[in-house]
Amino acid sequence: MNKQTVLSGIRPTGYLHLGNYFGAVQNFLRMQDDYNCFFFIADIHSLTTHPTPENLQSGVRQVLAEYLACGIDPEKATIFIQSDVPEVSELYAFLNMNAYLGELERTTSFKDKARQQPDNVNAGLLTYPVLMAADIIIHKANFVPVGKDQEQNLEMARKFAKRFNRMYNKEVFPIPQPYTFGGGDMIKVPGLDGSGKMGKSEGNAINLFEDPKSIRKKVMRAVTDSGPTEMNQQKPEAIQNLFTLMKIVSTADTVTHFDGLYNNCEIRYGDLKKHLAEDIIAYTSPIRERIIEILEDDAYLAKVAKMGAEKARESASRTLNEVKDVIGFRKLF
Ligand code: TYM
C-alpha cells in the first residue's frame with residue numbers, strides 16, 4: 001500500500017523555540033518512519049516582514065541545521081527550502097483566483113498581523129493562507145502536524161482544496177487533516193509572560209539554541225502571582241502556563257509534586273521555576289550541541305538542501321502538471 005503523505009513547515013525568522021518543537025517538530029519526528037514526509041523552510045512566507053538578504057539567508061541556514069539537530073532525517077524525510085521549489089509559487093497564483101477577499105480578510109492571523117504591523121499590511125499577508133494551501137496540496141499531503149495557532153490556516157487549506165476539486169469536478173487534491181499524536185487536541189505551548197502562546201514575535205520564547213544561563217534567567221523571570229490563598233483554588237492563566245510547560249518537559253511525578261504543593265498553598269514559585277528551567281535545559285542541551293556541530297558543516301547543509309529540492313520538485317511538478325491539465329492550459333506550440 002502507498003504511504004500517506006505528511007507535510008509541515010516553519011518560517012525561518014530567528015531560532016526554533018519550544019512552541020515550534022512541541023507544536024510541530026515532535027509530531028513530525030514520530031511520523032517520519034511510517035509516512036512519506038515533507039518538512040520545509042517557509043522562506044517565501046517570511047518575506048511578509050521584509051527581512052534583509054543577510055537575515056533571510058542566515059535564518060534559512062539556522063532553521064535547516066535546527067531541523068537536522070532535532071532528528072529529522074534527510075534520508076527518510078524530504079527536507080527542503082520553499083523557494084527552491086518554484087512550482088509552489090505557480091500553484092499559489094492559480095489558487096489566488098479562487099480565494100476571496102472577504103474570507104482572507106476575516107482570517108484571525110491576518111487581523112492579528114494587520115494590528116501588529118499597521119504600516120506593512122501587504123498583499124502577501126492577506127494571501128498567506130493561499131500560499132500555505134499551495135505548500136500543502138502541491139504534495140497532496142494527507143496530514144499536517146502543526147500547533148493550535150495554525151488551525152485556521154489549515155482550515156483554509158482544506159477549503160481551497162475542496163473548492164478546486166469541486167470547481168473542476170475532479171478529486172485532484174486529498175483534503176489535508178491536522179495531525180496530533182494520539183489524536184489529542186492540537187498543542188498550544190504557552191509563553192513565559194503570563195498570557196498567550198509562545199511566539200517568535202511575542203518576546204516570550206525559549207529557543208532550542210538558547211544557552212542554559214539564558215534559559216534559567218528567562219524562566220526565573222516568568223510572570224507569577226503572590227501565590228494561592230485557598231486550598232485547591234483554580235490556577236490563574238500565568239500559573240497554569242508554567243504547569244503546562246512543566247507537563248511538556250518534566251516527568252508526571254514532578255508535575256504531581258508541584259500540583260500538590262499548589263493545592264495545599266505551600267508552593268514556592270522559585271522552586272518550581274528552578275526545576276522547570278533544569279528540565280527544559282535537559283531537553284534542549286543535546287539539541288543545542290548538535291545545532292552547533294551541524295552549523296559548522298556547510299557541505300552537509302548544502303547536500304541536504306540539494307537532495308530535498310530535487311525530491312520536492314519532482315513531487316511538486318507532478319501535481320502541477322496535473323493541475324494545469326485540469327485547468328485547461330494547453331500548449332499552442
Ligand atoms: P511558524 O513558523 O509560526 O511556526 C511553525 C510551527 O510551530 C508551531 N507553533 C506552535 N505550536 C504550539 N505552540 C506554540 N506556541 C507554537 N508556536 C508555533 C506552529 O503551529 C507551526 O506548526 N504558516 C506557518 C508555516 C507554514 C506551514 C505551511 C506549516 C507555511 N506553510 C504548510 C504547515 C504547512 C508558520 O508561520 O509557522
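1. Asn169 counts as exposed, at 71% relative accessibility. Asn169 sits in the loop between helix 8 (151-167) and strand 5 (177-178). Its backbone deserves a look in this predicted model. Asn169 is not a glycine, yet its phi is positive, at about 55°.

2. Cys265 is a second residue to check for backbone geometry. Its phi is also positive, about 60°, and Cys265 is not a glycine either. The residue lies in the loop between helix 11 (252-263) and helix 12. Cys265 is partly exposed, with a relative accessible area of 30%. That value falls in the partly exposed class because buried means under 20% and exposed means over 50%.

3. On disulfides, the count comes to zero. Take Cys70 as a case: the nearest cysteine sulfur belongs to Cys37 and is 15 Å away. A disulfide needs the two sulfur atoms within 2.5 Å, so Cys70 is in none. Is Cys70 buried or exposed? Cys70 counts as buried, at 7% relative accessibility.

4. Salt bridges come next. Side chains of opposite charge can pair when their charged atoms come close. How many salt bridges does the structure hold? The total is 19. The points below take up some of them.

5. Glu322 pairs with Lys140 in a salt bridge, with the closest N and O atoms 2.8 Å apart. Glu322 belongs to helix 13, while Lys140 is in the loop between helix 7 (128-137) and strand 4 (143-144), so this pair ties together parts that are 182 residues apart in sequence. Glu322 is partly exposed, with a relative accessible area of 25%. Lys140 also counts as partly exposed, at 25%.

6. Glu314 and Arg318 offer a local case. Both lie in helix 13, four residues apart, which is about one turn of the helix. They form a salt bridge, and the closest N and O atoms are 3.7 Å apart. The bridge qualifies because the cut-off is 4 Å. Are the two partners buried or exposed? Glu314 is exposed, with a relative accessible area of 51%. Arg318 counts as exposed too, at 54%.

7. Lys218 and Glu210 meet through their side chains in a salt bridge, at 3.0 Å from N to O. The two partners fall into separate accessibility classes. Lys218 counts as partly exposed, at 29% relative accessibility. Glu210, at 9%, counts as buried.

8. Which residues are linked with Glu103 in a network of salt bridges? They are Lys159 and Arg163. A reader with the model open can find this network by starting from Glu103.

9. The surface carries a patch of negative charge. Which residues gather there? They are Glu289, Glu293, Glu296 and Asp297. Asp297 lies in the loop between helix 12 (269-295) and helix 13 (298-327). Asp297 is partly exposed, with a relative accessible area of 35%. Patch members need over 30% relative accessible area and no salt bridge, so Asp297 clears the area cut-off at 35%.

10. Helix 13 ties several of these points together. Glu322, the partner of Lys140, lies in helix 13. So do Glu314 and Arg318. Asp297, from the negative patch, is in the loop that leads from helix 12 to helix 13.

Conventions. Residues are numbered from 1 along each chain as its sequence is written. This is a predicted model: local features need pLDDT of at least 70, side-chain atom pairs count only at pLDDT 80 or more; totals for chains, interfaces and linings use all residues. Side-chain values use heavy atoms; hydrogens and water are left out. Patches are made of residues with over 30% relative accessible area and no salt bridge: like charges are joined within 9 Å, nonpolar side chains (Val, Leu, Ile, Met, Phe, Trp, Tyr) within 5 Å. Accessible areas come from the Shrake-Rupley method with a 1.4 Å probe; for residues, only the protein chains shown count as cover. Lys and Arg count as positive and Asp and Glu as negative; His and the chain ends are not counted. The place of a charge is taken as NZ of Lys, CZ of Arg, CG of Asp or CD of Glu. Helices (H or I, at least four residues) and strands (E, at least two) are DSSP runs, numbered from the N terminus. Buried means under 20% relative accessible area, exposed over 50%, partly exposed in between (1.4 Å probe, protein chains only).
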